[in-house]
Amino acid sequence: MCAALAVVSGPLLACATADGPTDVPLAATPDDAVRRTGDRLEIDIARVPAWGAATTEPTAVVFLQARVIVVRRDTATFTALSAECPHAGCGVSIVDRRRLLCPCHGSAFDFGGARLEGPAPSGLRQFTATVSPTSGRLLIQLD
């Protein structure tokens, strides 16, 4: 499923704004809205349901199969983080207010990826994320 030029989106696992937690799946992002080509992930911003509503609060979305968490801070500012916990490699898959949680051993991270608590020895790895002004897509370099 993660071969070059294949769709890797899969279901949207978790999403939340600063106002409330959720670990219940929300409207799924369409499979063709997320593409992986080699070490680059491309997300069609307009097709991610959680980012459709105008909000002034940061919103985090976990793309579990791509092992990436993307935090939308405002219309054009995104932070992309590895969804792999640095403690034991589990998937950081729960968004609780402004915290990202690893369900395996309880490590918690802020929306910038910094470690807040738990056994993780460090924060989440950050990837370079830019918005293409011509396509309106978020480009994430997975190095």
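**Cores, aromatic cluster and pocket**

Phe78 is buried, with a relative accessible area of 9%. The model in which this residue is seen is a predicted one. Phe78 offers a way into the aromatic residues of the structure, of which a search of the whole structure finds two pairs.

In one of these pairs, Trp51 and Phe63 meet edge-to-face, with 6.2 Å centre to centre and 65° between the planes. The two residues belong to distant parts of the chain, twelve residues apart: Trp51 is in the loop between S3 and S4, and Phe63 is in strand S4. Trp51 has a relative accessibility of 5% and therefore counts as buried. Phe63, at 0% relative accessibility, is likewise counted as buried.

Trp51 also pairs with Phe78, again edge-to-face, at 5.3 Å centre to centre and with 65° between the planes. This pair, too, links distant parts of the chain, since Trp51 lies in the loop between S3 and S4 whereas Phe78 lies in strand S6, 27 residues away. Together, Trp51, Phe63 and Phe78 form one aromatic cluster.

Trp51 and Phe63 lead on to the nonpolar interior. The largest nonpolar core has 18 residues, and Trp51 and Phe63 are among those with the most contacts inside it, along with Leu41, Ile43, Val68, Val70 and Ile140. Strands S3 (40-44), S4 (59-63), S5 (68-74), S6 (77-82) and S12 (137-141) are the elements that give two or more residues to this core. Apart from this core lies another, of 16 residues, which include Ile69, Val92, Phe111 and Leu124.

The surroundings of Ile43 show how the parts of the largest core meet. Residues up to four places away in sequence aside, Ile43 touches Ala33, Val34, Val48, Trp51, Phe63, Val70, Arg137, Leu138 and Ile140. Asp44 has its place in strand S3. With a relative accessible area of 14%, Asp44 falls under the 20% limit and is therefore buried. Beyond its neighbours within four places in sequence, Asp44 is in contact with Ala33 and Arg137, both of which are also touched by Ile43.

The account ends with open space. The largest pocket holds about 160 Å³ of space. Its lining consists of Arg36, Ala66, Arg67, Ser82, Glu84, Cys85, Pro86, Gly123, Leu124, Arg125, Phe127 and Leu142. By class, six of the lining residues are nonpolar, two are polar and four are charged. Leu124 thus appears both in this lining and in the core of 16 residues.

Note on methods: Residues numbered from 1 in each chain as written. Predicted model: local features only at pLDDT ≥ 70, side-chain atom pairs only at ≥ 80, totals over all residues. Heavy atoms only, no water. Core = buried A, V, L, I, M, F, W, Y, C linked by side-chain atoms within 4.5 Å. Buried < 20%, exposed > 50% of the residue type's maximum accessible area, 1.4 Å probe, protein only. Helix = DSSP H or I, 4+ residues; strand = E, 2+ residues; numbered from the N terminus. Contact = heavy atoms within 4.5 Å. 1 Å grid on protein atoms, 1.4 Å probe; cavity = no way out; pocket = protein on both sides within 12 Å on 5 of 7 lines; lining within 4 Å. Points joined across faces, edges and corners; volume = space filled by probe spheres on them. Nonpolar A, V, L, I, M, F, W, Y, C, P; charged D, E, K, R; others polar. Phe/Tyr/Trp six-rings, centres within 6.5 Å; stacked < 30°, edge-to-face > 60°.
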